[in-house]
Amino acid sequence: MTTLFISDLHLDASHATIGEQFLDFLAGEARTAETLYILGDLFDAWLGDDDPNPYYRDMKIALRSLTNAVPVFFMHGNRDFMVGQRFADETGVRLLHDPSIVTLYGQEVLLSHGDALCTDDVQYQEVRAMTRDPAWQAMMSAKSIEERIAFAIKARKESIARGESLDDSIMDVNQDAVKATLNEHDVALLLHGHTHRPAVHTVDLGHRKATRIVLGDWYEQGSIVRWDEDGPRLESMPR
Ligand code: MN
């Protein structure tokens, strides 16, 4: 059996081919998996679980169909951090804290979306702290969908205006943050997404070496980590 990891699909009605590939994946390979982990930014934007946008209906139905057979874990990204318990109840996915350690085939791996590691982007980290605050999220959830859409459009414009995007961060992870995280959690393997720079890195921690696997985005093709008894493999999935 194989455990699967994906992230950074950025599902959005305006990029229909991504959603089509995702639905094919859920109905196909994902069905054969031991477990599926979605490590954030599944959606390009998520205004709240009460968003009536019909585009998400098929996605939720497909996830529900899969979770009836295969456990699916969902970790928040910087685009879909407003995904909540209602979405989890509707789809059957289990919300996973960022970061989380899981043990696969005898090896511990630290799972994260990855945006928390981009500490060079100080302004973004301030936004991140604000938007992950339950009080801020409650304030936002109390607004109408129309108000939230307007807020999201304004926030995106401001983000672009200051030359950095909160979406596919052009900034890479900070190496000191990576090392500190690996040491803090005492793991030899870190798996994350967010930067859209798929790669397998060796991290020299001085007294030991660790591995950092980065999932890619799904803009041009799928990106996946397949992990079985032979270990994890980072691979792409052509459309
Ligand atoms: Mn991200």
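Trainee: Which residues does F22 touch, not counting residues up to four places away in sequence?

Mentor: This is a predicted model, in which local features need pLDDT of at least 70, side-chain atom pairs count only at pLDDT 80 or more, and totals for chains, interfaces and linings use all residues. Residues are numbered from 1 along each chain as its sequence is written, and side-chain values use heavy atoms, with hydrogens and water left out. Contact means heavy atoms within 4.5 Å. On that basis, F22 touches I6, L9, L11, L42, M59, L63 and W218.

Trainee: Which element gives the most to the largest nonpolar core?

Mentor: A nonpolar core is a set of buried Ala, Val, Leu, Ile, Met, Phe, Trp, Tyr and Cys residues joined through side-chain atoms within 4.5 Å, where buried means under 20% relative accessible area, with a 1.4 Å probe and protein chains only. The largest one has 35 residues, and F22 and F25 have the most contacts inside it. With 6 residues, the element that gives the most to this core is α2.

Trainee: Which residues coordinate the manganese ion?

Mentor: Donors are N, O and S atoms within 2.8 Å of the metal (3.2 Å for Na, K and Ca); water is not among the atoms, so sites may look incomplete. Along the chain, the donors follow the spacing D-x36-N-x34-H-x80-H. At 2.0 to 2.2 Å, the coordinating residues are D41 (OD), N78 (OD1), H113 (NE2) and H194 (ND1).

Trainee: Is H113 buried or exposed?

Mentor: N78 has a relative accessible area of 7% and is buried. For H113 the relative accessible area is 0%, so this residue is buried.

Terms used
Buried means under 20% relative accessible area, exposed over 50%, partly exposed in between (1.4 Å probe, protein chains only). Helices (H or I, at least four residues) and strands (E, at least two) are DSSP runs, numbered from the N terminus.
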